[in-house]
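Visitor: I would like to go through this structure step by step. May I put some short questions to you?
Guide: Certainly, please begin.

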Amino acid sequence: AVDSVFGKVVTYDGKCALTLYTAISGGKTEAAKNLWGKDIPYLTPVESVGDLLSPNYLSTASFTEAQIIEKIPELKDIPYKNWFLSPTHSDSGTVLTMKFGDKTLKGSDIRDALSLKSANFDVAFENNTFNFTVRGYGHLSGMSQYGANYMALQGSTYAEILSWYYKGCKIS
C-alpha cells in the first residue's frame, strides 16, 4: 500500500494542500471557515454518509449546573434558565454560537470546556441536568476517517476518496 502512493502529494493550485482529517463527521464535514475563520476552498462541506453508520457517531454527556459552572466559570452569575439559548448552526450542523444571558459563546469553546466529542450537538435540560447529544468526533473538517473507510469498503479508490473530501485538489 505504501509503495503504491510513495512520492504522491495532494495539491491545490499547484501547492501542497492542508489535508486535515477528523475521526467521524456529523454526517457532513465542516467548512474550515466556520472553525478557524479562514476560507480554505477545498475544505468545504461534503456528505459523509458512512459516518452515520459508525457505532461512535452519537455520544452523550450530562452535567449539573455546578459542573458546568466549574468548567465555564463566566456563567456563574447568569441564571441557568438563560443558558444554551438561540443556537446558530452551520449548514453541517455544528453549533457556531449560543447565548448565555447577555454573553455569546462559540460552539467550539463549549465543546472544549465540556470535553464534548464535537461541536455538533444539541442540549436539553431535564431533571436538573443538562443532557448533550453529540454527533461525530473531532473538529469535523476535511476527510472523515470513518467515512473514508466506509467508502473504501464500498470499492472507492484512495484517489476517489481524496477527491471527494478535498474538492478541487489533485494528486501529483
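Visitor: How far is the sulfur of Cys16 from the closest cysteine sulfur?
Guide: The closest cysteine sulfur is in Cys169, 10 Å from the sulfur of Cys16, which is too far for a bond. A disulfide here is a pair of cysteine sulfur atoms within 2.5 Å.

Visitor: How many disulfides does that rule give?
Guide: The count by this rule is zero disulfides. In general, a disulfide is a covalent bond between the sulfur atoms of two cysteines.

Visitor: Where do these values come from?
Guide: The model is predicted: local features need pLDDT of at least 70, side-chain atom pairs count only at pLDDT 80 or more, and totals for chains, interfaces and linings use all residues. Residues are numbered from 1 along each chain as its sequence is written, and side-chain values use heavy atoms, with hydrogens and water left out.

Visitor: Is Cys16 buried or exposed?
Guide: Cys16 is exposed, at a relative accessible area of 61%. Buried means under 20% relative accessible area, exposed means over 50%, and partly exposed lies in between (1.4 Å probe, protein chains only).

Visitor: And what about Cys169, buried or exposed?
Guide: Cys169 is buried, with a relative accessible area of 13%.

Visitor: Let us change topic. What is the strand order in the open sheet of three strands?
Guide: The order is S4-S9-S8, with antiparallel pairing. Strands (E, at least two residues) and helices (H or I, at least four) are DSSP runs, numbered from the N terminus. Two strands pair if DSSP finds at least two bridges between them.

Visitor: Which strands stand at the edges?
Guide: Strand S4 (58-63) and strand S8 (121-126) do; each has a single partner strand, so one side of each is left without a neighbour in the sheet.

Visitor: How many bridges join S8 and S9?
Guide: S8 and strand S9 (residues 129-135) pair over six bridges, in the antiparallel sense. Phe121 stands opposite Val134 in S9.

Visitor: What lies in the loop between S8 and S9?
Guide: Asn127 is found there. Its phi is near 55 degrees, a positive value in a residue other than glycine. Most residues other than glycine have a negative phi. At 69% relative accessibility, Asn127 counts as exposed.

Visitor: What is phi of Ser115?
Guide: Phi of Ser115 is also positive, near 55 degrees. Ser115 sits in the loop between helix H4 (107-114) and S8, and this residue is exposed, with a relative accessible area of 61%.
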